[in-house]
Each structure stands twice: as structure tokens, then as C-alpha cells.
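I opened my notebook to look at one helix and one sheet. Here is what I looked up, entry by entry.

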Amino acid sequence: MSRKLIVGAAQMGPIARNESRKQTVARMVDLMRQAHARGARLVVFPELALTTFFPRWFMQDQSEVDAFFEREMPGPETRPLFEAARELGVGFYLGYAELAQQEGKPRHFNTSILVDTSGKVVGKYRKIHLPGHSQHEPWRPFQHLEKRYFEPGDMGFGTWKAFGGTMGMALCNDRRWPETYRMLALQGAELMMLGYNTPIHYPPVPEHDHLQGFHNHLCMQAGAYQNGLWVVGVAKAGKEEGCELLGQSCIIAPTGEIVAMAGSQEDELITYECDLDRTREIREHIFNFQLHRRPETYGLITESG
């Protein structure tokens, strides 16, 4: 039985602060229809795909912050995505801000979900590696307040059987940490989906601005190769509310090769037929975990603070 899966990476251009979810979801449904026309069964959207990247602003009014969060999924404004999935037979990965209620308390997470071709949520992940800062830093041209507005994910790294294989999820800054890929690969992940919002300007170390695209691909390609899995990295791109966001959404093979990449800073769909069995080329040979790993020597990774 073939395990070839046509995957769409649905890059999105800028979303204005005053753009409604209805407008944004309409753009996303259009990308899903494009994906269906190309034979795709899975579409990957960016991180925080439903709104502008709100952590760039310092807000003290919690109700103002909470307006960017989803209290249910699907909700009235996001339901068209799920209806499109059922109509087209195209599942999707979606990044969004989640406002959950746990033991009567509000919890704020940077979340992604995996939805199958019937429109059912089959997996959820909450971002673990939160970047940025928690206090107002007015010297910055824009803020990066993920540590203020979100809690670290409390679900760990998971995998899900879907789309004929084993799927994993991550979000943005997770891609820079090798533990993300290894934790997913140890659970058998064959394809990792990852949405990101990455400013080209990095205020603390502006000397690295010209390296943003290089570093973006470097970590994802290394993670794919060292763990023998497909990686689908999808950006929110372009000049959004005065902030330049990196595009270069891409699909990376288990060999570490970029096999498809977006060429614009706008809404753009790229697709590739991912053969999930190609993970064996790596996992049965140079990165055969059972044969070559020496976890008894790696204790310092988790033992140190």
C-alpha cells in the first residue's frame, strides 16, 4: 500500500490588526481549495494563523489580549475551515491562540491542532519553547511578548496516527531546539508540521538579521536529516503592521533536502508528494536509533537546570 501523501504548505501574507477572523478564514479556505485542486490531503497553516501576530504589542488590559484568543475550536468564525475539510476531503494543521478553562481558571496557550479529512480534531499541541520576554521593553521597535501572553505547553510532545502515517506537531521557536525533533522521532513521527511567525529584525542581536532565512532552514533541515522525518515549515510572511516577517515556507525531505519552497511574501500554496516510507532511508541506516544511540551517556541534557 502506497504511503505517498500530497501535502500543502499554505503560507499566509500579512494580517492587519483590524482584519476580521472571517476575512482571514476566507483566505485560508481559498488555499484549501487550491490544495484540493492539486490533490493534497493535508494543508499546513502558520502559527497564530487567525490574527495578526499580537505579541508585538504591550497590552495591559487582559480583555484586549483575550480578544486574540479562541475559546472553542471550532467556533462560529472558524467553522468554515472544518466544513471545507469535510467537503474537500482535505485535513489541516492550524496554529492559534487558545484560551482554555482548567479547574475554573483561564489558561493561555500558543496551540496547534491537527484536523482530519472528516473535519474532526485528531491531535493538539501546545507550544513548549516560548521565545521573547515578559515585561515591556520600550527600547525595542516592536515587542515579542510571548512569555507574557502564553504559558509553556503542558501536553508534552505527542504524535498521532493520521493520513496514513505518524504525525507530529511543533510551533515556531520549537524548531530551533533539537530536542523537539528527537522527541517526535522517538515516538515514530514521520512528518512534522510547524507554523511560524519570524521577524527578520532581531532587536537583541541585529547582527544576525541577515541570517534569519539561513537559520530558519538550517535548524529544520538538520532536524529532518538527524531524525529521518519530513518537515513542513509554514510562515506568516511579509510586512505585517510595520514588522517584516520571514517567508520561505518549505517542505523538507528526511534527507534534509528542501524539495519545495515558497517564492513570495504573500498567500501562497506549495505542494509536494511526501513518501512517508522514505523515512526508512535514514532510520534504518545512519540514524538507526536502536543500533547507534547511546542514551545512557546523555543524562546531562535533562538533568541540568
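**Entry 1: helix H1**

I started with helix H1, residues 21-37, in what is a predicted model. I tested its length. At 1.5 Å a residue, its 17 residues should span 24 Å, and the end C-alpha atoms are 24 Å apart, so the two agree. The cut-off behind that step is the expected span, 1.5 Å times one less than the number of residues.

Next I asked which residues of H1 are buried. I found Arg21, Thr24, Val25, Arg27, Met28, Val29, Leu31, Met32 and Ala35. I remembered a rule for the spacing: an α-helix has 3.6 residues a turn, so residues three or four places apart point the same way.

What do these buried residues pack against? I listed strand E1 (4-11), strand E2 (42-44), helix H3 (79-88), strand E3 (91-102) and strand E14 (268-275). After H1 I came to Gly39, and its phi is positive, near 85°.

**Entry 2: the open sheet**

I then traced six strands that form an open sheet. I wrote down the order E6-E7-E8-E9-E12-E13, with mixed pairing. Strands E6 (159-162) and E13 (258-261) stand at the edges. Each has a single partner strand, so one side of each is left without a neighbour in the sheet. The twist averages 20° from one strand to the next.

I looked at one pair inside the sheet. Strands E8 (191-196) and E9 (230-235) run parallel and are joined by six bridges. Met193 stands opposite Val232 in E9.

Last, I checked helix H6, residues 212-227, which packs on the sheet. H6 touches E8, E9, E12 (250-252) and E13. Its direction makes about 30° with that of E12.

Terms used. Residues are numbered from 1 along each chain as its sequence is written. This is a predicted model: local features need pLDDT of at least 70, side-chain atom pairs count only at pLDDT 80 or more; totals for chains, interfaces and linings use all residues. Side-chain values use heavy atoms; hydrogens and water are left out. Two strands pair if DSSP finds at least two bridges between them. Helices (H or I, at least four residues) and strands (E, at least two) are DSSP runs, numbered from the N terminus. Axes are lines fitted to C-alpha atoms, for helices over the stretch in contact, and angles run from 0 to 180 degrees between N-to-C directions. Contact means heavy atoms within 4.5 Å. Buried means under 20% relative accessible area, exposed over 50%, partly exposed in between (1.4 Å probe, protein chains only).
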